[in-house]
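Colleague: I am new to this model and would like a close look at a single part, beginning at one of the bound ligands. Please then follow the connections outward, explaining each term as you need it.

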Amino acid sequence: MCLALPARVAALLPDEMATVDLGGVRKDISIALTPEARVGDYVIVHVGHAIGLLDTEEAERTLALFAELNAHDAEQDTQQGAAS
Amino acid sequence: MCLALPARVAALLPDEMATVDLGGVRKDISIALTPEARVGDYVIVHVGHAIGLLDTEEAERTLALFAELNAHDAEQDTQQGAAS
Amino acid sequence: MSIKKDYLRPIDFKTGRIDMNHGAGGRAAAQLIEELFARAFENPALREGNDGAVLPAPPPGHRLVMATDAHVISPLFFPGGDIGALSVHGTVNDVAMMGAQPLYLAASFILEEGYPLADLKRLVDSMAAAAREAGVAIVTGDTKVVEQGKGDGVFISTTGVGWLPPGRRIAGDQAQPGDVVLVSGTIGEHGVAVLSLRESLEFETAITSDTAALNGLTAAMLAAVPEGSVRVLRDPTRGGLATTLNEITRQSGVGITLDEAAIPVLPQVEAACELLGLDPLYVANEGKLVAVCAPDVADTLLATMREHPNGHAAARIGVVTEDPHRFVQMTTRFGGRRVVDWLSGEQLPRIC
Amino acid sequence: MSIKKDYLRPIDFKTGRIDMNHGAGGRAAAQLIEELFARAFENPALREGNDGAVLPAPPPGHRLVMATDAHVISPLFFPGGDIGALSVHGTVNDVAMMGAQPLYLAASFILEEGYPLADLKRLVDSMAAAAREAGVAIVTGDTKVVEQGKGDGVFISTTGVGWLPPGRRIAGDQAQPGDVVLVSGTIGEHGVAVLSLRESLEFETAITSDTAALNGLTAAMLAAVPEGSVRVLRDPTRGGLATTLNEITRQSGVGITLDEAAIPVLPQVEAACELLGLDPLYVANEGKLVAVCAPDVADTLLATMREHPNGHAAARIGVVTEDPHRFVQMTTRFGGRRVVDWLSGEQLPRIC
Amino acid sequence: MKYIDEFRDGEIAKALATKIRAEAQPDRRYHFMEFCGGHTHALSRYGVPALLPDNVQMVHGPGCPVCVLPIGRIDQAIGLALDHGAIVCTYGDTMRVPASGSLSMQRAKARGADIRMVYSPADALKIARANPTREVVFFAIGFETTTPPTALVIRQAAKENLPNFSVLCCHVLTPSAITHILESPEVKQWGTVPLDGFVGPAHVSILIGSAPYEGFARDYRQPVVIAGFEPLDVMQAILMLIRQVNEGRHEVENEFTRAVNREGNLAAQKLVAEVFELRESFEWRGLGEVAHSALRIRPAFAQWDAEQRFDLAYRPVPDHKQCDCGAILRGVKRPTDCKLFATVCTPENPMGSCMVSSEGACAAHYSYGRWKDIAIVPA
Amino acid sequence: MKYIDEFRDGEIAKALATKIRAEAQPDRRYHFMEFCGGHTHALSRYGVPALLPDNVQMVHGPGCPVCVLPIGRIDQAIGLALDHGAIVCTYGDTMRVPASGSLSMQRAKARGADIRMVYSPADALKIARANPTREVVFFAIGFETTTPPTALVIRQAAKENLPNFSVLCCHVLTPSAITHILESPEVKQWGTVPLDGFVGPAHVSILIGSAPYEGFARDYRQPVVIAGFEPLDVMQAILMLIRQVNEGRHEVENEFTRAVNREGNLAAQKLVAEVFELRESFEWRGLGEVAHSALRIRPAFAQWDAEQRFDLAYRPVPDHKQCDCGAILRGVKRPTDCKLFATVCTPENPMGSCMVSSEGACAAHYSYGRWKDIAIVPA
Ligand code: SF4
Ligand code: SF4
Ligand SMILES: [Mg+2]
Ligand SMILES: [Mg+2]
Ligand SMILES: [Mg+2]
Ligand SMILES: [Mg+2]
Ligand SMILES: [Mg+2]
Ligand SMILES: [Mg+2]
Ligand SMILES: [Mg+2]
Ligand SMILES: [Mg+2]
Ligand SMILES: [Mg+2]
Ligand SMILES: [Mg+2]
């Protein structure tokens with residue numbers, strides 16, 4: 001539904017606030033909804049609030065799945081390329 | 001002291017107001033301080049209020065005095081003109 | 001799917017208002033330009049819709065004159081005119097005061113969010129009519145929209161370009177002792193017309209703004225007398241006649257002595273000024289000019305001005321003097337003598 | 001009594017502020033022009049203090065180009081620039097996009113009562129520096145003051161004039177199917193730099209506005225390839241690259257197909273746009289240009305652009321197609337295809 | 001951008017497309033509804049449909065919070081600004097949604113309404129503190145994602161006992177909307193809208209978890225794959241849905257494991273429960289009155305509830321007669337089925353809410369997808 | 001303009017000038033103080049001094065309401081706008097009077113103070129009605145002319161029970177100022193300022209009548225001629241004063257019979273007495289504290305008295321050290337005696353209040369009279 005992005009917690013601030021970093025861009029947001037967030041964590045930022053944490057292990061797992069698919073596909077491509 | 005001008009009452013309005021005319025320019029002012037003002041009267045207008053009435057007879061008297069002076073003076077002028 | 005027109009629904013010029021979209025540079029902005037500005041100002045350069053307008057070069061030997069003015073008047077519509085016409089006249093006149101023939105205008109609009117499109121259209125149509133009448137084309141433009149409370153309805157900046165014939169030099173520093181000072185008509189109408197609508201000052205008067213393009217008048221004047229004999233031309237706008245004359249004495253290093261009795265002022269302008277505690281000498285004009293000329297052409301020039309509709313009440317009002325203090329002085333109608341200084345500060349209605 | 005200087009006390013550029021007097025056309029206004037504008041922009045035409053500037057005629061055979069823009073940016077100072085420099089670059093670029101050499105600027109200021117004179121001086125100095133760098137002279141100007149709450153600090157309208165060589169036609173309607181679309185560098189920096197300071201959006205970034213004069217770049221480009229082979233030049237300002245390309249397809253009656261992967265965008269600009277829900281294709285640039293050229297000169301032109309400091313990241317981003325619908329389409333980096341429409345409405349940060 | 005760019009990789013997209021083409025059976029049609037506007041936007045912006053075989057079709061759902069906002073609610077927000085003189089704070093997305101009397105919040109602003117765009121509800125609080133003599137109302141819209149931040153500001157206002165702040169609460173609930181669609185006659189009985197599965201919400205699910213979908217996956221026998229908002233997420237989810245269809249399964253699967261678990265954000269859920277309670281019914285644009293589909297502010301916080309504070313009555317207003325938003329939001333029609341699409345109704349002059357946000361089905365198709373409606377002229 | 005133009009006739013002026021030259025005895029000096037700024041302005045604007053013989057000299061008095069306003073009062077008005085957030089309504093004349101800290105009302109406005117120029121006190125009332133959530137203060141300055149209109153608005157506010165309107169009353173009294181000057185050591189004892197007569201107030205006298213001057217004409221043996229503000233009025237008054245001097249009389253004469261009688265405007269006097277009472281003392285710029293020289297609002301109207309409402313304390317602030325306004329207002333010095341005149345102090349950057357209003361002695365001389373300071377170069 002709503003625009004939200006993973007960003008790295010760069011610093012914890014008073015009042016349940018934190019500075020997050022997204023590709024070099026920094027913004028102060030509220031972490032009141034994710035009190036467990038620590039520096040280095042990736043949080044999902046939505047309307048100025050972290051609404052959840054990103055599980056980096058799961059992210060890597062998903063990416064690995066894609067990579068596998070790609071490797072497999074690249075193979076197929078090569079085969080197709082040879083065929084066409 | 002303060003800027004004030006004689007203007008003719010052109011119309012009486014409700015709420016102790018009146019329209020005055022000064023050389024064709026019309027403005028609505030308060031006549032609360034000169035309740036005796038009537039259409040045709042000249043009032044002295046100051047900060048949007050009539051602060052007094054102009055006595056037109058006295059005005060004419062003063063002007064007549066000036067005119068006399070001028071006539072007298074014109075005479076003198078003529079004499080001087082002849083002399084110079 | 002058939003090919004669609006660019007703008008599917010025409011702009012609502014009845015009840016619509018300017019919103020932020022009209023200034024965002026997207027389709028709404030392009031539509032406003034096409035359906036309002038390009039249509040009203042109609043000319044090939046503008047219609048092309050490029051970043052700028054391509055204009056022909058001046059005739060051989062001619063130079064360019066360029067002048068600009070921002071227009072920020074309130075109210076936008078006033079007796080005798082509106083900001084649209086004014087923005088054409090103001091800049092056309094500045095080009096004409098250099099002795100040049102004004103030909104092309106650029107116009108940039110700063111619109112306040114919420115301004116009624118019906119009023120904008122009226123202004124733009126009036127601007128287009130003023131340009132046609134003055135013989136100038138509005139060849140390029142720009143439109144920005146600012147949030148409500150960050151503008152004042154409509155601001156219009158115009159820049160004019162015109163051709164200046166070879167060898168002509170008309171400028172504020174050309175006045176010489178002995179020269180004659182002329183004015184093209186009665187002064188103070190524009191300022192009085194605008195003030196008459198100001199909240200808390202409101203008064204009723206038959207006075208209308210004198211806003212007009214003066215390039216026709218200047219062309220007639222310059223054709224009537226030998227090159228070089230018209231030294232200065234200037235339109236006494238903000239600050240009025242008094243300020244314009246002080247500018248000239250400063251630039252030329254001379255003095256001017258005025259004859260108050262010779263300065264034409266309409267009786268209603270006098271009356272309104274009395275009422276507000278203003279001096280007509282400091283009240284703005286938008287369709288008058290001051291000319292400083294050599295004494296031997298003054299009569300011819302005055303006669304030429306009086307033959308022109310924009311100069312029928314022209315008058316000889318003073319002479320240029322030698323004066324290291326560069327004072328403008330005046331023999332009063334009363335027979336006294338005084339300095340006529342620059343406008344100092346704002347022209348605030350004097351009350352006490 | 002000795003002869004007094006015109007302005008006895010210099011303007012207080014440390015703690016002073018613009019007040020209504022500065023716009024009233026009297027002595028305070030004249031003093032501001034003399035001590036601020038004339039001093040910063042220093043050139044003979046302006047120094048004369050006449051109603052307009054007299055400029056030399058263009059070389060034989062050359063035509064004039066005239067362009068104007070109103071500048072209303074908020075905040076007035078932003079990373080990498082300010083409204084002063086921007087107001088020079090914006091208009092210089094519009095003249096340059098016509099293939100002309102920009103030479104003269106007119107500038108009109110609308111100042112809000114209360115604006116600090118120290119900031120105004122900074123802006124004006126920056127404007128003067130930008131003009132010097134771009135090789136243009138600010139030859140005439142105007143200043144108005146509006147009451148607090150009727151403006152937004154400073155608005156600057158500039159109008160530029162330049163010379164266009166014989167036979168040159170560069171315009172939005174010249175694109176032909178088969179032509180190549182180039183962009184002079186990374187897009188979106190200006191818009192992102194400005195948004196980074198907007199209240200309630202504030203974010204920290206190293207991105208600075210790309211505001212720059214592009215007349216040097218266009219001169220180099222036009223010198224490098226045969227006349228006629230550069231069809232269109234345009235600076236993708238408000239509405240961004242997407243809107244500029246749609247303008248071109250509309251004017252020329254063609255389509256354009258872009259290759260998203262080829263469009264240069266700085267990573268921080270991408271990140272900031274993600275954060276705000278914006279698309280860099282719609283974000284404003286102030287120092288970039290789009291060129292449409294004949295396919296056979298594309299490589300030469302690209303190489304020339306890359307040699308210039310304002311074009312070092314230039315890229316070939318698309319081709320012109322035949323398309324009665326005049327769509328700009330794009331092959332996405334992802335491998336998909338989509339329309340790249342006009343900016344519709346304001347570029348509002350998308351949140352949901 | 002880490003954890004973003006990787007999910008936009010064109011090479012992997014090609015591989016996924018190949019896989020989808022390989023696994024989608026040519027004799028079968030796959031109609032999947034992406035519930036969320038976020039998915040609609042991703043599909044359009046990245047041009048995903050061009051990568052799908054013809055028999056895999058995406059149906060836009062009602063998950064664009066701007067699109068489902070009924071006219072009557074926008075009217076309330078405008079009324080607060082125009083009639084009550086309040087400063088109304090709103091997300092930028094709602095500014096152009098058509099309201100009654102040819103108005104929108106943007107046009108109301110042009111008529112003098114003090115309407116301010118905010119990035120976060122916390123900004124509305126700041127505005128209230130900075131304008132103590134003015135009423136400041138936050139126009140709270142959105143699904144479960146946007147609700148917890150609203151709850152935070154209400155709790156904060158109560159803590160500070162801020163006297164001039166209130167919230168016009170229009171938060172709606174995802175699961176009830178999905179149920180409503182599945183219960184709609186077209187889908188349930190007439191079979192006119194054959195839906196073969198759902199791409200489940202990404203960010204909503206971060207908050208509510210995947211469990212809420214299990215009931216209707218089971219009851220309505222619909223496969224659901226929760227997916228992230230990046231284009232690869234969507235493609236992967238499509239692949240997973242194809243597989244469920246092919247295998248006759250109807251389960252809740254989670255493609256978005258990096259952010260969504262079964263329970264969701266418990267801290268946020270607790271907060272929402274503290275501040276809000278269920279409404280008996282709420283009008284959605286397109287769906288009409290939907291039971292138990294929205295939240296209202298609990299009586300304990302009544303002072304900060306704009307509906308209570310200003311004694312607002314809700315007045316439903318019918319949509320433009322020819323606007324098909326309703327049918328489009330229910331997945332019954334496509335934008336091009338609407339007579340007004342791209343003729344009277346364009347993003348500059350939206351007649352319905354689906355033409356407003358780039359997450360709206362009509363706007364997305366207009367801005368990104370129109371090339372598909374015409375024969376492409378080869379370059 | 002009837003009853004105006006006739007009194008500006010240049011021909012009659014010439015005649016009057018001849019008469020004055022004829023009657024002024026060459027071996028005598030005539031120093032007349034025009035009390036009113038209105039007379040100062042008329043003298044300057046019409047260039048009257050050029051028509052007078054050298055031994056008839058006009059001395060400017062303290063009758064410019066703007067000039068006698070002490071810094072501390074302007075500070076109060078500015079403070080109401082800047083510190084109390086009030087809308088302060090004022091006559092245009094006060095806008096540029098120097099206040100503390102390099103401020104003026106105009107500069108305070110440029111710093112965000114909501115200061116509005118009005119033409120009439122009634123406009124301030126209108127502003128108060130139109131801005132019910134704001135405090136609106138009318139900065140009431142002036143002599144007996146301006147006082148009755150102020151009384152009217154205070155009475156009206158009380159009638160309407162207007163809750164957000166008040167008046168900062170700085171109204172001062174003419175007779176006490178004249179007495180104060182005649183009592184000043186320079187005039188009374190040292191004889192350094194030989195005053196031979198007074199041109200008495202025009203419009204003030206419409207309100208208070210001519211009677212109030214009778215006491216000091218008698219006690220201080222000073223001729224007084226009440227004169228209108230048109231230039232012929234002033235010249236005629238000068239002639240009448242010359243005659244009194246020549247004849248050794250010291251009477252109150254009335255040149256302005258068309259508007260002034262012995263009693264004044266009784267209705268207005270009654271109103272003023274109803275609303276105002278005498279202050280024990282009031283600071284005047286130039287004259288310092290002057291006993292019984294000003295009015296304050298009666299306790300019955302305390303609610304509309306800004307001094308009471310905002311609990312204002314008066315803090316006197318010394319003028320610029322080198323500014324000679326004080327001495328000029330007492331008639332002891334002329335503008336050109338001030339070191340700052342036309343060097344540091346100009347109408348654009350007034351250092352003292354006399355350089356502000358065109359009724360101020362310094363401003364009038366700067367703007368109209370400077371040509372007299374230099375040798376005129378023949379044209
Ligand atoms: S095209 Fe417009 S009118 Fe038609 S359904 Fe979509 S939003 Fe409604
Ligand atoms: S010239 Fe200025 S400083 Fe000197 S007395 Fe006059 S007002 Fe004061
Ligand atoms: Mg100009
Ligand atoms: Mg001009
Ligand atoms: Mg001019
Ligand atoms: Mg432009
Ligand atoms: Mg406004
Ligand atoms: Mg331009
Ligand atoms: Mg431009
Ligand atoms: Mg451009
Ligand atoms: Mg100008
Ligand atoms: Mg502002």
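**From one ligand shell outward**

Modeller: Around ligand 2 there are 13 residues, of which F:Cys323, F:Asp324, F:Cys338, F:Cys345 and F:Cys362 come nearest; a residue is near a molecule or strand if one of its heavy atoms lies within 4 Å of it. Residues are numbered from 1 along each chain as its sequence is written, while chains are lettered from A and ligands numbered from 1 in the order in which they are written. The model is predicted, so local features need pLDDT of at least 70 and side-chain atom pairs count only at pLDDT 80 or more, whereas totals for chains, interfaces and linings use all residues, and side-chain values use heavy atoms, with hydrogens and water left out.

Sorted by class, the shell of ligand 2 holds 11 nonpolar residues, 1 polar and 1 charged; here Ala, Val, Leu, Ile, Met, Phe, Trp, Tyr, Cys and Pro count as nonpolar, Asp, Glu, Lys and Arg as charged, and the others, Gly among them, as polar. In chain E, 13 residues surround ligand 1, and those that come nearest are E:Cys323, E:Asp324, E:Cys338, E:Cys345 and E:Cys362, with a shell that again divides into 11 nonpolar, 1 polar and 1 charged residues.

One of the residues nearest ligand 2, F:Cys362, is also among the buried residues of helix α15 of chain F. That helix, residues 361-369, is mostly covered, since 9 of its 9 residues are buried, where buried means under 20% relative accessible area, exposed over 50% and partly exposed in between (1.4 Å probe, protein chains only). Helices (H or I, at least four residues) and strands (E, at least two) are DSSP runs, numbered from the N terminus. The cover over α15(F) includes α2 (37-45), β2 (56-63) and α14 (325-329) of chain F, but also β14 (337-339) of chain C and α1 (27-41) of chain D.

Chain D, which takes part in that cover, carries metal sites of its own. The magnesium ion (ligand 8) is coordinated by D:Thr68 (O), D:Asp69 (OD) and D:Asp94 (OD), at 2.3 to 2.8 Å, and these donors follow the spacing T-D-x24-D along the chain. Donors are N, O and S atoms within 2.8 Å of the metal (3.2 Å for Na, K and Ca), and because water is not among the atoms, sites may look incomplete. D:Asp69 also coordinates the magnesium ion (ligand 6), which lies 3.1 Å from ligand 8.

A further magnesium ion (ligand 9) is coordinated by D:Asp69 (OD) and D:Asp94 (OD), at 2.0 to 2.4 Å, and D:Asp69 bridges ligand 9 and ligand 6, which are 4.2 Å apart. Because D:Asp69 lies in strand β2 (residues 63-71) of chain D and D:Asp94 in helix α3 (residues 83-96), the pair ties together parts that are 25 residues apart in sequence. Both D:Asp69 and D:Asp94 are buried; the relative accessible area is 12% for D:Asp69 and 2% for D:Thr68, which is buried as well.

Among the 9 pairs of chains that touch, chains C and D share the most contacts, a contact being heavy atoms within 4.5 Å. A rotation of 180° with 0.0 Å of shift along its axis superposes chain D on chain C with an RMSD of 0.1 Å, which is the relation of a two-fold axis. In chain D, the C-alpha nearest that axis belongs to D:Gly151, 2.2 Å away. Such copies are superposed by least squares on the C-alpha atoms of residues with pLDDT of at least 70 in both.

The interface joins 82 residues of chain D to 82 residues of chain C, and the two chains bury about 6700 Å² between them, 55% of it on carbon and sulfur atoms. D:Asp51, D:Met66 and D:Arg238 supply 12% of the area that chain D buries against chain C, more than any other three residues. Buried area is the accessible area (1.4 Å probe) that two parts lose on being put together, summed over both.

Returning to chain F, its contact with chain B takes 45 residues from chain F and 37 from chain B, burying about 3300 Å², 70% of it on carbon and sulfur atoms. By contrast, chain A and chain B do not touch, as their nearest C-alpha atoms are 56 Å apart.
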